[in-house]
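Please walk me through the fold of this chain, beginning with how its strands are put together and then turning to the way its helices pack.

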Amino acid sequence: MFAPAILRVILGDNSSQRVTFQNGLPGSVNELVNEVQRQCGFNFNFRLQFMDALFGNEFMNLTSMDEVQDKGTIRVVPLTDATAPHCGNIPSPSAAALSIDESSSLSSGCVDTDILSSPESESSSSRSFWPSVFRVPKFCYDAELKLDQGNAAYREKGTLLTPDPKLKSNILEGLVQEIVRFKVYVTDKEFNTVGEALISKHPCLTEKGSLTGYAGWKASLKNKLAIYRTHLRKLGCPEVTINSLKHKPEGKLSAASNIKKPRRSEVNYCPSYPAGESDKSLESVRVELLSDIKKKNNREVVRMKMDKTFAYRRHEVVRDTPMIKDFQARWPALFEVSEINAEFKRITTMPLQSKFLSQLDVHSKKLMKLFKKRGGQIGRRLENIVAPMVEDDDVDLGRECVIRALCVYLNEDPENLLREYVAADEALIQGSIEETTLGIYVFKQRDASQEPDIGIVLEGQVVLQELDNVALATAMLFGLMYALNLNYPPELKYTFEVLQKVVMELEGTTLSKKAQALKNRLFQ
């Protein structure tokens, strides 16, 4: 049992309150956000910042629980509702104004601050993450009046309200409008959170005939959302039209087959084009980019045009699923460290490189303890993999060892992720690359003083090379899987699941048994 902890939470100017944690501080930033949201009764999205003594007690974005101590101070920074306009008029998200240069390897130490984005970039994001606590919206005036009366009767006599058709329709319409602020394809678990929130706020709507108390509401809501998606398809919403029958491959002409929807916490999965833009105008910008990337000191122009063509590029990736070779020829600017970072943030609204490396460092110590406890043949393999860390305290080497060991711990072969070649024959190397579907290569010379060439291979094509270290290459490979909408390879599915849900904290509430077991041990 952990000792209780207390934090001072600054809510705004001249406003703060205590938040108490009876079982000690949460193990992750997401859990802390959820608890602050619950205790403070917030119904809006926000980020947390901590008071950093290294910078004169300035507030920095919180990305690691290592920065929070008992009786410490954190601050709530609201994220405006403008982060989620409706599907019909979704603008293209502008690129984040980075406060640190993500093109660097960040290998000198742990990155403990998030990448700050400008207000413009936040306000233009088409959607936001599904909330940890779903907020039931206010319904129309007469509906709220009926519900207030029903809740009063429930509190006094325990009487449940049987909504008339008009009231039920108003409730379902209001819930659907709130849901589509986040996504148009909702999982069963997310429907459950909506149902729970509804009967929690309006207990008079509880259904006696169902075990959960909201089974009927859930079924009606699913049907209502399906009808609303039909309406959105007629309006040309790309997230829905991408699944129309005319876009289905031959042999799969069924409305329920091959549904393309966010599966890994993508916030901007298939956004609408910027206002006034069309396929023709955005194609002309793409063609301009082919010459822009060849010019010196032209990074800002490339960044702006890549941002402008984001929706056009996503439609191509999601709808057409092009071959990597063809897509790289059309969008060569995407295959650079800075643009992979930018594309990942456009898709998820989260920084890639800084969070990946910092969170890897945060978990490394506990992961090492788990590796040492593992016995048998796997334990011996883990011991051999992490042995170089004892002899050399290099940060990059340590991260590489942890990534390799993580694969082994999850009973997967690190050779499927990372292959080394030492002064090998070029023809042999090229043949091996052409047979590689997805992975990282490391070319080492016999002369140890020469830096190795580290790169990424997708579908037999070298898409990125001369990276600084293996950890950076892993982060970029992870980012490319989002940017190119690639599935995790079956032989590494648990490794990438842990990187996504535990390290990057994307959709960290739904895990496989193996990933959940690892997460439980990490936070014991």
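Which residue in strand 4 is the bridge partner of Met-51? In this predicted model, the partner of Met-51 is Phe-59, and that bridge offers a way into the pairing around it. Strand 3, which covers residues 46-52, runs antiparallel to strand 4, and the two are paired over 4 bridges.

Stepping back to the whole sheet, one finds 5 strands arranged in the order 2-1-5-3-4, in an open sheet whose pairing is mixed. Its edges are formed by strand 2 (15-21) and strand 4 (58-61), each of which pairs on one side only. From one strand to the next, the twist averages 35 degrees. Helix 1, spanning residues 29-40, packs on this sheet, where it touches strand 1 (5-12), strand 2, strand 3 and strand 5 (73-78), and its direction makes about 115 degrees with that of strand 2.

A further packing arrangement involves two helices, namely helix 3 (residues 141-157) and helix 4 (residues 165-179), whose axes lie 10 Å apart and which pack at an angle of about 110 degrees. Because angles of 65 to 115 degrees count as roughly perpendicular, helix 3 is described as roughly perpendicular to helix 4. On the side of helix 3, the residues that meet helix 4 are Asp-142, Ala-143, Lys-146 and Leu-147, while helix 4 contributes Lys-166, Leu-167, Asn-170 and Ile-171. Taken by character, the residues of this contact between helix 3 and helix 4 divide into 4 nonpolar, 1 polar and 3 charged.

Terms used
Residues are numbered from 1 along each chain as its sequence is written. This is a predicted model: local features need pLDDT of at least 70, side-chain atom pairs count only at pLDDT 80 or more; totals for chains, interfaces and linings use all residues. Side-chain values use heavy atoms; hydrogens and water are left out. Two strands pair if DSSP finds at least two bridges between them. Axes are lines fitted to C-alpha atoms, for helices over the stretch in contact, and angles run from 0 to 180 degrees between N-to-C directions. Contact means heavy atoms within 4.5 Å. Angles under 35 degrees count as roughly parallel, over 145 as roughly antiparallel, 65 to 115 as roughly perpendicular and the rest as oblique. Ala, Val, Leu, Ile, Met, Phe, Trp, Tyr, Cys and Pro count as nonpolar, Asp, Glu, Lys and Arg as charged, and the others, Gly among them, as polar.
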